[in-house]
Amino acid sequence: MSKKLRVALLFGGNSSEHDVSKRSAHNIYDAMDKEKYDVSLFMFTKDGILLNNEDSQRIFDGEPEDEVVKDAYQKMDLTKPLAPIMALNELSGIDFFYPVIHGNLGEDGTVQGLFKLLNKPYVGSNIAASALSFDKDLTKKMLNEAGIRNTPYVLLTPENQADYPWDRLEEDLGDLIFIKPAKQGSSVGIHRVTNAEEYAAALKDAFKYDFKVLAEQGVDHPQEVEISILGNEHPIASKLGAVRVPKGDPFYDYENKFVDASGVVFELPVKLPQHLTDEITDMALKAYKVLDMKGLARIDFLVDSNNVPYLSEPNTLPGFTNISLYPQMWEVSGITYSDLIDRLIQLGLDEFKRNSQIKYDFRELGQEHVGQKKYNK
């Protein structure tokens, strides 16, 4: 019998999607073939502190998180500079990292940098691709450079917001505008605005979550379409899925994503005109390559009443909750949940092996030889 791959499943995190991550981690853990993988659990707390396997397992098994975290903190010396990652001392035997951390810490390149320092393979995109894809402003800049259609926007900061009163934005972008923090997920801090009063309140809230905020031209009552991408240098795309929110809900917000999705309809696969399906698939695969993503991504689109698709945003570590479309779109495309996990792990191993071939030239410089310095008056 071949040796099991020792996998560290990381979840939690100090982001608004902490509890979403816990749900995803349960589903991924349950789908992992325990004949192939020896899985250890490690949770980042809401403060960004990594708990050891024992305490993480207790929370995973349903013990009250706040109580477990409080007990764990009492055993730690949080004054030490490496206290947030001291639990890594338990990971000497780990072969592979599987991050299930949505949003901040997980999708912004932070843990990917940690994995690189540890010289270990992992699921998903590298540092740069993660950071780039997590920042909506930088993502749009790359999409625009590549000619991939997305909605027009204005970047707002504390320094320039006075230059963009509502009247100016309305003239530039129209009377339906979405205000979004550049680096947040799951619709946190996002507001649909149609007048100056709503704009002021939305901007105040959005700046709580980031110092970069997008004012984005709205698509009125769009069809929300999603697609799953899988692969490294030669990615493949799933069939498309659609999300239909209840009438009266302004958009697919945090409440109807995670709190109460009972009124949301998920159409899998969604039936669209073939030319539209082809266009969305081509746009998604092109964006995946332009942003240099690896392993997996869910890419979201908004389709207007004229069947014109706009790329909304990519997600480098999409959800695996019971309502998450990433695994479900692969299910209807012929890849089972368990097989999907196997493929993601293999893609991480392949990318690690590929990167290990990169050479670095270390030359001994010897004695320093300095050229003549000439100072001009």
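Okay, let's start with strand β13, residues 309-315: six of its seven residues are buried, so this strand is largely enclosed by the rest of the structure. Buried here means under 20% relative accessible area. And keep in mind that what we're looking at is a predicted model.

So who does β13 pair with? That's β12, residues 295-303, and the two run antiparallel, joined over six bridges. If you want one pair to find on screen, go to Arg298, whose bridge partner in β13 is Asn315. Now follow the chain round the hairpin of β12 and β13: there are five residues between the strands, and one of them to click on is Asn307, which takes a positive phi near 60°.

Okay, next stop, the open sheet. It has four strands, and reading across, the order is β4-β7-β5-β6, with antiparallel pairing. Which strands stand at the edges? Those are β4, residues 153-156, and β6, residues 191-193; each has a single partner strand, so one side of each is left without a neighbour in the sheet. From one strand to the next, the twist averages 25°.

Let's zoom in on that β6 edge. Its pairing with β5, residues 177-181, is antiparallel and covers three bridges. Here's a pair to look for: Ile179 has His191, in β6, as its bridge partner.

Last thing: what lies across these strands? It's helix α8, residues 196-206, which lies across β4, β5, β6 and β7, with β7 being residues 213-217. Compare its direction with β6 and you get an angle of about 160°.

That's my tour, thanks!

Key
Residues are numbered from 1 along each chain as its sequence is written. This is a predicted model: local features need pLDDT of at least 70, side-chain atom pairs count only at pLDDT 80 or more; totals for chains, interfaces and linings use all residues. Side-chain values use heavy atoms; hydrogens and water are left out. Two strands pair if DSSP finds at least two bridges between them. Axes are lines fitted to C-alpha atoms, for helices over the stretch in contact, and angles run from 0 to 180 degrees between N-to-C directions. Contact means heavy atoms within 4.5 Å. Buried means under 20% relative accessible area, exposed over 50%, partly exposed in between (1.4 Å probe, protein chains only).
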